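Colleague: Please take a close look at one part of this model, the salt bridges. I would like the cut-offs along with the description.

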Amino acid sequence: MKLNTEEGWKMYIDIKHLKSRGFSNSKISKLLGISRPTVIKYVNMEPEEFAQEMNKRKHRTKKAQKYEEDIIGWLKQYPQMTAAQVFDWLEEKYEKIDFNESTMRNYVRFIRKEYDILKDSSTRQYEASDDPPMGKQMQVDFGEKKVLSQMGKKYLSMLCALFYLTQDSNIVNGKQGPLRLAIS
């Protein structure tokens with residue numbers, strides 16, 4: 001969790017206050033929206049120790065920082081790019097990356113904020129199509145269901161297909177609902 005000094009001290013004071021009021025570590029975690037290990041770490045920490053911890057955080061380098069030039073360049077050129085795409089491109093370029101995709105997501109979020117690189121929020125353009133005449137369109141959904149054999153010794157796969165006829169033509173044999181067909 002990335003905290004500035006003011007937020008860090010507020011969290012520390014809140015933890016100490018709630019603990020003094022008799023709340024459990026788990027309850028403090030839920031109330032403050034932080035992890036239980038974080039609560040456990042700070043609940044017994046003296047203010048001087050916490051000050052040192054916050055000071056260390058200021059000077060800590062991020063694992064993805066060594067790729068910052070590439071990341072900034074790509075994000076400026078392709079603002080719609082996702083952190084997963086950035087991670088893939090780094091793996092292609094450098095082969096072995098010493099951190100995971102969640103670290104990359106956090107770092108891309110940090111870079112976007114730090115350099116004011118906004119992700120274009122394009123809206124998806126679509127509109128409903130006209131209903132075709134009855135009997136001219138249907139939707140088919142396929143699925144698989146594992147069931148025990150009659151002997152109960154092994155699983156069999158049942159392949160299923162579910163047919164949805166067009167909106168106005170979903171009455172089959174006087175009953176309303178989808179037409180179902182199972183294939184095994």
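Modeller: **Salt bridges, one pair at a time**

Glu53 and Lys56 sit three residues apart in helix α4 (residues 47-58), about one turn of the helix; helices here are DSSP runs of H or I with at least four residues, numbered from the N terminus. The model is predicted, so local features need pLDDT of at least 70 and side-chain atom pairs pLDDT 80 or more, while totals for chains, interfaces and linings use all residues. Residues are numbered from 1 along each chain as its sequence is written, and side-chain values use heavy atoms, leaving out hydrogens and water.

Glu53 and Lys56 form a salt bridge, with the closest N and O atoms 3.9 Å apart; the term requires a side-chain nitrogen of Lys or Arg within 4 Å of a carboxyl oxygen of Asp or Glu. Glu53 is buried at 13% relative accessible area, whereas Lys56 is exposed at 57% (buried is under 20%, exposed over 50%, partly exposed in between, with a 1.4 Å probe and protein chains only). Lys41 joins Glu53 and Lys56 in a network of salt bridges.

In helix α1 (residues 5-20), Asp14 and Lys10 are four residues apart, and their closest N and O atoms are 2.8 Å apart in a salt bridge. Asp14 is partly exposed at 22%; Lys10 is exposed at 53%.

Asp98 forms a salt bridge with Lys66, at 3.4 Å between the closest N and O atoms. This pair links distant parts of the chain, 32 residues apart: Asp98 is in the loop between α6 and α7, Lys66 in the loop between α4 and α5. Asp98 is partly exposed at 43%, and Lys66 is exposed at 55%. The whole structure holds five salt bridges.

Note on methods:
Helices (H or I, at least four residues) and strands (E, at least two) are DSSP runs, numbered from the N terminus.
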